[in-house]
Amino acid sequence: MTSQTMHAAAQVATCFHPRRLGHVNLWVDELQRAEDFYSQVCGLKVEFTEPDLIATFLGTGHTPHDLGMMETTKGVNRYGRDGLLQLPGTIGLVPGLNHLAWELENEAELVEGWKRARQQERDIDMTVDHQVAHSVYMFDPDGNYNEFYCDTIKDWRSVLNGPMELLTSRWDPAAQEPFTEGRYDTDPILETVAGAPVQPRRVTHAVLRTAQLARMLDFYTQVGGLRVVHQEEGVAYLQAGLSDYDYSLVLVGDEQAAFSHGSFELGGVAELEQTLERLQALGITPVHDVRLPWKRSFFLRDPDGLLSEWYVPLEGERTLDSRHTLPLWAQV
């Protein structure tokens, strides 16, 4: 078999082919406290909320939300529309990652990915209709939840605005002919919170720590459809389809599995330095202030102890060092 044939066979076997990381969704202990931090400090605008689900959704406008948050379940089931058990009380008991969301080109590609996953007997947790998106949910080998979705409405702000009644119901991917056009906004209106010290552009990638790097790589390439763009001992960078995102996911070898952080891009180095000055004036000190040849960044810890990175990519050579004073997950 030629390398070209092998590549074609691998492409056929891959379930989904996402364009980009659409959003990161977190579990938080107190929703209003977390919302205040990510909006008033981090500059992400609240686009809409679901009070009955105890959830809020924030972003800059590239997608319906860059960051979603749901209050921990406290052991109580939460239901979507039509009696759908959306959040079992057995999950979301502590703050952490709820899910990573991967945006696909259109519904036809999403349905084909769902079909391939079923043919390969992959475990699919559920398929749902969020009104502005159709979604397929699956777990990776470490138990991280992943949403593969397509937008169903280009002008999502005409549907999602302020407090919303329950949005999510069941979706049958085989019920009707899927649409083939992309319904994401190609010229979005970008907005941040005026006066917030941080003024982000967009979420670009997430970092996961794992004790089983090979199995995680297999899932995110063969199921998740990401491609490895850089790899060295203990670290792999994976990219989705859009080339203006250098990578969408970084896997870092560690003794145990953990969500490390989501990373948000800023407008430039000068903007980042000004951001640090504004944070300092408010008495907010970053967990890490990172100055490396390949990135300038800082990390913030939210009220639940979860980390986020705010960064600018640089042109310098990437040379990761396990002996560095910075942990490996902060260097990537």
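In strand β9, Y137 is the bridge partner of M126. This pair belongs to a predicted model, and it is a handy place to start reading the fold. Strands β8 and β9 run antiparallel and are joined by 4 bridges. The hairpin they form has 3 residues between the strands, and Q131 takes a positive phi near 75° there. Strand β8 also pairs with β12 (residues 169-170), again in antiparallel fashion, through 2 bridges. Here D129 finds its bridge partner in S169 of β12. As a general reminder, the strands of a sheet pair through backbone hydrogen bonds, either parallel or antiparallel.

Both β8 (126-129) and β9 (133-139) return in the description of the largest pocket, since each gives two or more residues to its lining. This pocket has a volume of about 870 Å³. Its lining counts 48 residues, and N25, W27, N98, H99 and Y145 are those that lie nearest the centre. Other elements that supply two or more lining residues are β1 (20-28), β2 (45-50), β6 (85-87), β7 (96-103), β10 (145-151) and β17. By class, the lining of the largest pocket holds 27 nonpolar, 17 polar and 4 charged residues.

Strand β17 leads on to a second part of the model. An open sheet of 8 strands, with mixed pairing, follows the order β14-β15-β16-β13-β17-β20-β19-β18. At its edges are β14 (227-232) and β18 (288-292), each of which pairs on one side only. On average, and with direction ignored, neighbouring strands of this sheet are turned by 20° against each other. Helix α5 (residues 269-281) packs on the sheet, where it touches β18, β19 (295-301) and β20 (307-313). The direction of α5 makes about 30° with that of β19.

Within the sheet, β13 (residues 202-210) and β17 (residues 258-265) run antiparallel and are joined by 7 bridges. R209 stands opposite A258 of β17 in this pairing. Helix α4 covers residues 213-223, and its buried residues are L213, M216, L217, F219, Y220, T221 and V223. Just after α4 comes G225, with a positive phi of about 70°.

Enclosed space completes the picture. Rolling a probe the size of a water molecule over the atoms shows where empty space is left. The model has 2 cavities of 30 Å³ or more. The largest cavity holds about 60 Å³ of space and is lined by V24, L26, Y38, L67, F259, G262, F264, L307 and S308. Strands β1, β17 and β20 each supply at least two of these lining residues, and β17 gives the most, with 3. The lining of the largest cavity comprises 7 nonpolar and 2 polar residues, with no charged ones.

The second largest cavity encloses about 30 Å³. Its lining consists of R20, H62, T63, P64, E103, D151, W156, Y184 and D185. These residues divide into 3 nonpolar, 2 polar and 4 charged, whereas charged residues are absent from the lining of the largest cavity.

Definitions and conventions. Residues are numbered from 1 along each chain as its sequence is written. This is a predicted model: local features need pLDDT of at least 70, side-chain atom pairs count only at pLDDT 80 or more; totals for chains, interfaces and linings use all residues. Side-chain values use heavy atoms; hydrogens and water are left out. Two strands pair if DSSP finds at least two bridges between them. Axes are lines fitted to C-alpha atoms, for helices over the stretch in contact, and angles run from 0 to 180 degrees between N-to-C directions. Contact means heavy atoms within 4.5 Å. Buried means under 20% relative accessible area, exposed over 50%, partly exposed in between (1.4 Å probe, protein chains only). On a 1 Å grid over the protein atoms alone, a cavity is a set of points where a 1.4 Å probe fits but cannot get out, and a pocket is an open set with protein on both sides within 12 Å along at least five of seven lines; lining residues have an atom within 4 Å of a point. Grid points are joined across faces, edges and corners, and a volume is the space filled by probe spheres set on the points. Ala, Val, Leu, Ile, Met, Phe, Trp, Tyr, Cys and Pro count as nonpolar, Asp, Glu, Lys and Arg as charged, and the others, Gly among them, as polar.
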